[in-house]
Amino acid sequence: MNELLVVTALRSEQGALRGAVPLARVVRCGMGLAKVRRWLPELETLPADCVAVAGVAGGLDECQRPGDVVVASEVRDEHGRITLRAAAPLVAALRRLGLR
């Protein structure tokens, strides 16, 4: 399958990425926990091998610049956390490609 699903919160993020990411389907889930929770059942119906979340994230860190790539090292929810062991090698590969 090799289908990439890119999820954004805002319509402007979705519009900026639609067509810019070859072979990816770009969808919008809405901003905020309540909207995301209502949208999550739809995620189960979308065919994808990989899911990426993209957006401006409200400028989480003053050190970040437009175009920076943020890679999660863990995912947390009400049930606990999952450490993503592939994060460090992914970051290294992205840096070798010139991304920051």
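In this predicted model, 3 strands form an open sheet in which the order is β2-β1-β3 and the pairing is parallel. Because β2 (24–28) and β3 (50–53) stand at the edges, each with a single partner strand, one side of each is left without a neighbour in the sheet. Elsewhere, side chains of Glu 74, Arg 76 and Arg 81 are joined into one network by salt bridges that share partners.

**The sheet**

- Neighbouring strands of the sheet are turned against each other by 25° on average, when direction is ignored.
- Strand β1, which covers residues 4–8, is joined to β2 by 5 bridges, and these two strands run parallel.
- Within this pairing, Leu 4 has Ala 24 of β2 as its bridge partner.

**The salt bridges**

- The count of salt bridges comes to 2, and Glu 74 takes part in one with Arg 76 and in one with Arg 81.
- Between the side chains of Glu 74 and Arg 76, the salt bridge has an N to O distance of 2.3 Å.
- Between Arg 81 and Glu 74, the closest N and O atoms are 3.1 Å apart.

**Exposure of the salt-bridge residues**

- Glu 74 has a relative accessible area of 23%, so this residue is partly exposed.
- Arg 76 is exposed, with a relative accessible area of 61%, and Arg 81 also counts as exposed, at 56% relative accessibility, because the cut-off for exposed residues is over 50%.

Technical notes
Residues are numbered from 1 along each chain as its sequence is written. This is a predicted model: local features need pLDDT of at least 70, side-chain atom pairs count only at pLDDT 80 or more; totals for chains, interfaces and linings use all residues. Side-chain values use heavy atoms; hydrogens and water are left out. A salt bridge is a side-chain nitrogen of Lys or Arg within 4 Å of a carboxyl oxygen of Asp or Glu. Buried means under 20% relative accessible area, exposed over 50%, partly exposed in between (1.4 Å probe, protein chains only). Two strands pair if DSSP finds at least two bridges between them. Helices (H or I, at least four residues) and strands (E, at least two) are DSSP runs, numbered from the N terminus. Axes are lines fitted to C-alpha atoms, for helices over the stretch in contact, and angles run from 0 to 180 degrees between N-to-C directions.
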